[in-house]
Amino acid sequence: MPLPRPLPAVDAAALRGLAGGAVHLPGDPLYDEARMPWNLQVDEHPAAVAYPADPHEVSRTVRAAAEAGLRVAPQGTGHGAPPLAGRLGDAVLLRTSAMTGLRVDVAGRTARADAGVLWGDVVTRAGRVGLAGMHMSSPGVGVVGSSLGGGVSWYARRHGLQCSAITAVELVLADGTFVRATEDHDTDLLWAARGGSGGFGVVTSLEFDLLPIRTAYAGMLAWDWQHARRVLTAWGGWTADAPDEVTSVARIFQVPDVGWLPARLRDRKMVMIDAVALGDAETGARTVAPLRALRPEVDTFAQVPASDVAHLQIDPQEPTAVYANSVLVHGLPADAVEALVASAGPGSGSNLLFVELRQLGGALARPAPRAGAMDQLDGSFLVLGVGLDVGTGWSAVREDARRVLDSLAPWASRASYLSMAYEAAARRGWSPAAYDRLQRIRRAADPHGLFVAPQSGAGD
Ligand SMILES: Cc1cc2nc3c(=O)[nH]c(=O)nc-3n(C[C@H](O)[C@H](O)[C@H](O)COP(=O)(O)OP(=O)(O)OC[C@H]3O[C@@H](n4cnc5c(N)ncnc54)[C@H](O)[C@@H]3O)c2cc1C
């Protein structure tokens with residue numbers, strides 16, 4: 001655990017004028033807008049919100065916060081905000097969205113993204129030159145936060161976690177100094193950036209490998225949820241033999257009548273499969289043929305530009321109040337499908353927006369060649385329960401998600417994927433050895449516990 005830090009008098013007013021004036025204190029006209037994360041479920045009132053535009057402004061803000069007795073919580077988009085709830089009262093929320101520099105090196109097949117860059121920007125820029133990044137399911141997710149947390153992309157079963165693609169990280173440490181961590185210098189910090197989730201500095205830039213992917217065979221199949229048992233059973237069997245080139249996601253989706261969802265699905269209860277297969281159309285079609293044989297009502301599969309893959313999964317783009325929690329499970333036998341459909345399918349009474357099963361395995365089940373704090377995931381599926389507040393309050397949504405995830409307890413892994421498991425104990429995010437090393441690196445980089453990190457608690 002970090003050493004207790006000295007507590008001088010808290011005075012956020014000392015930060016006024018920093019970051020080119022983009023510091024907002026409680027009562028300021030822009031404070032409420034400035035503190036708002038993407039996930040509107042979180043309603044935090046930090047001591048100040050700062051929007052530095054470059055690493056020097058980050059450094060000055062970090063130093064001033066420490067001198068004022070405040071902690072620092074780095075944040076890009078706020079997609080990962082829930083674990084910070086209740087922890088920002090004595091903190092400066094340091095938002096990085098003004099730091100948007102992005103360079104793509106075509107010959108080297110790498111990208112350099114400043115802290116505020118979103119995956120959609122990388123997808124667009126890299127796509128123009130025939131490259132792809134291991135982006136998240138929603139283009140609005142931040143590159144830095146998702147990479148620090150692991151990063152399960154549509155290319156994950158073939159190419160592993162996004163964090164393993166990181167080649168260099170630039171940081172401002174707790175004392176305001178700058179570090180560039182590479183394979184040759186400050187290697188501990190590079191190791192920690194590869195899936196260690198944060199808590200050791202403010203990342204100002206990240207460099208990572210891109211992939212030479214121009215197109216992929218991708219699409220969605222959908223059925224009425226009355227077919228959930230039949231479809232999920234067949235899909236579970238299909239995933240066991242699927243090549244690493246394909247990554248798929250199945251969902252039981254209670255589609256609300258809202259504008260961000262496709263009109264033909266609105267107000268329906270569906271079971272869906274999204275998949276991305278690397279390679280040509282003929283191979284892709286052969287791979288998904290057994291799923292098509294289940295006679296879906298909707299079939300959008302086609303060979304598409306890699307940039308379209310970023311929009312395959314229908315996630316809300318605009319800031320949304322959403323609850324999510326997950327478990328990793330080993331296998332999906334008939335009993336597990338039964339338990340899942342009973343708790344989330346027809347007649348279950350579940351109010352969840354969707355329950356999603358992400359297919360893992362492949363490269364995600366093997367240690368990554370570039371060692372990092374997180375280099376594989378212990379489970380063959382990530383099962384995620386997601387709910388909106390449908391007027392029943394968050395406790396009802398949380399209870400529905402708990403019931404679904406608990407129903408899979410017999411197949412659950414001890415590990416958790418913390419980027420999508422906001423209620424799991426921190427220790428479960430890493431192997432015991434990696435967890436201990438991460439804590440040592442955090443203590444060395446941030447001896448007084450200046451940074452508020454989502455997963456810095458001890459847990460069981
Ligand atoms: C709609 C949606 C879709 C998603 N899809 C996927 C997916 O396909 N695959 C997947 O693996 N995950 C996915 N996630 C989870 C996502 O990866 C995490 O929520 C991630 O933390 C988001 O990163 P962010 O930077 O956008 O969020 P933020 O909330 O801004 O950041 C999360 C945390 O990262 C750290 N951090 C961010 N920026 C910095 C910085 N500059 N320096 C130091 N620390 C920093 C902080 O600890 C911060 O609290 C999804 C989440 C949502 C809501």
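1. In the counts below, Ala, Val, Leu, Ile, Met, Phe, Trp, Tyr, Cys and Pro are taken as nonpolar, Asp, Glu, Lys and Arg as charged, and the others, Gly among them, as polar. On that basis the shell around the ligand divides into 16 nonpolar, 16 polar and 2 charged residues.

2. A word on the source: this is a predicted model, in which local features need pLDDT of at least 70 and side-chain atom pairs count only at pLDDT 80 or more, whereas totals for chains, interfaces and linings use all residues. Residues are numbered from 1 along each chain as its sequence is written, and side-chain values use heavy atoms, with hydrogens and water left out.

3. The ligand is surrounded by 34 residues, a residue being counted if one of its heavy atoms lies within 4 Å of the ligand. The closest of these are Gly 76, Thr 77, Ser 137, Gly 142 and Tyr 417. Strand E3 (71-75), helix H4 (143-148) and strand E9 (202-209) each supply at least two residues of this shell, and H4 gives the largest share, 4 residues; helices (H or I, at least four residues) and strands (E, at least two) are DSSP runs numbered from the N terminus.

4. Oxygen atoms of the ligand meet the protein backbone in several polar contacts, that is, pairs of N or O atoms within 3.5 Å. A backbone N or O atom of Gly 142 lies 2.7 Å from a ligand oxygen, a polar backbone atom of Gly 80 is 2.8 Å from one, and for a backbone N or O atom of Val 152 the distance is likewise 2.8 Å. Taken alone, the ligand exposes 950 Å², of which the protein buries 95% (Shrake-Rupley areas, 1.4 Å probe).

5. Leu 377, in the loop between E16 (354-359) and strand E17 (381-388), counts as buried because its relative accessibility is 6%, the limit for buried being under 20% (1.4 Å probe, protein chains only). Its contacts (heavy atoms within 4.5 Å), leaving aside neighbours within four places in sequence, are Val 152, Leu 161, Leu 360, Leu 364, Ala 365 and Tyr 417. The C-alpha atoms of Leu 377 and Val 152 are 9.6 Å apart, although 225 residues separate the two along the chain.

6. Ser 350 is placed in the loop between helix H10 (334-344) and strand E16, and is buried, with a relative accessible area of 6%. Beyond its neighbours within four places in sequence, Ser 350 is in contact with Gln 254, Ser 343, Ala 344, Asp 400 and Arg 403.

Methods. A polar contact is a pair of N or O atoms within 3.5 Å; within protein, one must be able to donate a hydrogen and the other to accept it, and residues adjacent in sequence count only if both atoms are side-chain atoms. Buried means under 20% relative accessible area, exposed over 50%, partly exposed in between (1.4 Å probe, protein chains only).
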